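Hi,

Here is the structure I promised to pass on. Have a look at it first, and then read my notes below.

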Amino acid sequence: MKKTAVVTGSSRGIGFAIARQLGLDGYNIVMVATGPQQKNQAALDELAALGIPCAYVQANVGDHDDRLRIVAEAVRAFGRIDALINNAGVAPSVRADLLEMTEESFDRVVGINTKGCMFLTQAVAKQMISQQPLDGRKGVIVNVSSCSAVVSSTSRGEYCVSKAGVSMLTSLYADRLAAEGILVNEVRPGVIATDMTSAVTEKYDRLIADNVFPIARWGRPEDVAGAVSALCSDKFLYTTGNYIDVDGGFHIQRL
């Protein structure tokens with residue numbers, strides 16, 4: 001039986017690279033994005049051209065009903081969920097000093113990045129537990145957080161808090177779900193070239209050139225996709241609670 005992966009925020013950038021790679025690895029793909037399908041049809045067509053079966057779900061992971069619908073639509077399309085990639089996330093609409101951060105901005109960022117991850121994982125985990133295992137396990141969950149989970153940035157504190165929360169969720173769910181045959185791990189992208197970082201390209205180019213960051217280049221969405229692919233592979237059959245830092249390459253470190 002072919003496995004199915006739900007990838008949130010997968011119509012572009014890191015999420016699309018992950019969906020593409022997992023599709024090439026042999027998964028059916030459930031593409032989850034906030035926009036209508038016609039807006040993201042080009043991404044679906046690209047996967048189809050590669051022979052990757054894909055279903056599309058328009059949903060906001062920050063919304064309770066949408067989270068349940070993601071699970072229902074994935075099961076309706078492909079019969080089961082074998083991998084959940086919690087990639088969807090937002091940055092603050094305005095980068096503001098910590099002393100000027102608004103409650104509205106905090107609630108929005110944490111509500112999507114952390115709460116959305118928490119409760120979509122809960123819903124998917126229940127579905128995975130109800131399934132018969134494939135290849136010795138019932139499922140894999142990979143949370144895409146950020147180096148900001150551990151690196152302070154006082155102009156976007158709500159984002160740092162939200163990603164630190166995702167890191168703790170990884171540990172919590174890894175502990176809870178290991179006995180269920182479900183592996184839970186985390187990928188922490190560093191400086192990755194996406195539309196989210198496009199507004200600060202010059203700043204990071206300068207920091208990299210001045211060796212402020214210990215990396216040789218910008219990371220690519222494909223680097224993150226490779227890390228996720230590794231965590232979903234059989235070689236991680238008996239490991240859980242790891243994180244991978246992605247910074248133009250990646251290494252694995254035990255939590």
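Let me start with Ile112, which sits in helix α4, the stretch covering residues 103-129. One thing to keep in mind throughout is that this is a predicted model. Is Ile112 buried or exposed? Its relative accessibility is 16%, and the cut-off for buried is under 20%, so Ile112 counts as buried. If you look for what surrounds Ile112, skip the neighbours within four places in sequence and you will find contacts with Asn60, Val61, Gly62, Gly89, Val90 and Cys117. Gly62 is worth clicking on: along the chain Gly62 and Ile112 are 50 residues apart, yet their C-alpha atoms are separated by 4.4 Å.

Staying in helix α4, go to Val109 next. With a relative accessibility of 0%, Val109 counts as buried. Its contacts, again leaving aside neighbours within four places in sequence, are Val90, Ala91, Pro92, Thr114, Glu158, Tyr159 and Ser162. So you will meet Val90 twice, since Val90 is in contact with Ile112 and with Val109. Another pair to look at is Val109 and Val161, which are 52 residues apart in sequence and 9.1 Å apart in space, going from C-alpha to C-alpha.

Now for how the helices pack. Two packed helices are described by the angle between their axes and the distance between the axes. For α4, the partner to look at is helix α3, residues 64-78: the two axes come within 9 Å and cross at roughly 35°. On the α3 side, the contact is made by Arg67, Leu68, Ile70, Val71 and Val75, and on the α4 side by Lys115, Gly116, Phe119, Leu120, Ala123, Val124 and Gln127. The handedness of this α3 and α4 crossing is right-handed.

There is a second pair to show you, and helix α7 is part of it. First, α7 itself: this helix runs over residues 221-232, so 12 residues, and from its first C-alpha to its last it reaches 17 Å, close to the 16 Å expected at 1.5 Å a residue. How many of the residues in α7 are buried? The count is 10 of its 12 residues, and α7 is mostly covered. The buried ones are Pro221, Asp223, Val224, Ala225, Ala227, Val228, Ser229, Ala230, Leu231 and Cys232.

The partner of α7 here is helix α1, residues 13-24, and their axes come within 8 Å, crossing at roughly 45°. That angle is why α1 counts as oblique to α7. The contact uses Gly13, Ile14, Ala17, Ile18, Gln21 and Leu22 from α1, together with Pro221, Glu222, Val224, Ala225, Val228, Ser229 and Cys232 from α7. As for handedness, α1 passes α7 in a right-handed crossing.

If you want one residue to zoom in on there, pick Ala225 in helix α7. Its relative accessible area is 3%, so Ala225 is buried. What does Ala225 touch, not counting residues up to four places away in sequence? The list is Ala17, Ile18 and Gln21, and those three are among the α1 residues that make the contact with α7. Val187 is 38 residues away from Ala225 along the chain, and the C-alpha atoms of the two are separated by 9.6 Å.

One loop residue caught my eye as well. Asp135 lies in the loop between α4 and β5 (139-144). Its phi is near 55°, which is a positive value in a residue other than glycine. Asp135 has a relative accessibility of 48% and therefore counts as partly exposed. In space, the C-alpha atoms of Asp135 and Asp234 are separated by 7.9 Å, though along the chain the two are 99 residues apart.

Finally, some numbers for the whole protein. You will find 7 helices and 8 strands in it. The protein has 255 residues, and 51% of them count as buried. Among contacts between residues at least 6 apart in sequence, 70% join residues at least 24 apart. The accessible surface comes to about 11700 Å², with 53% of it belonging to carbon and sulfur atoms.

Have fun with it!

How values were computed. Residues are numbered from 1 along each chain as its sequence is written. This is a predicted model: local features need pLDDT of at least 70, side-chain atom pairs count only at pLDDT 80 or more; totals for chains, interfaces and linings use all residues. Side-chain values use heavy atoms; hydrogens and water are left out. Helices (H or I, at least four residues) and strands (E, at least two) are DSSP runs, numbered from the N terminus. Buried means under 20% relative accessible area, exposed over 50%, partly exposed in between (1.4 Å probe, protein chains only). Contact means heavy atoms within 4.5 Å. The expected span of a helix is 1.5 Å times one less than its number of residues. Accessible areas come from the Shrake-Rupley method with a 1.4 Å probe; for residues, only the protein chains shown count as cover. Axes are lines fitted to C-alpha atoms, for helices over the stretch in contact, and angles run from 0 to 180 degrees between N-to-C directions. Angles under 35 degrees count as roughly parallel, over 145 as roughly antiparallel, 65 to 115 as roughly perpendicular and the rest as oblique. A crossing is left-handed if the near helix is turned anticlockwise from the far one by less than a right angle, and right-handed if clockwise.
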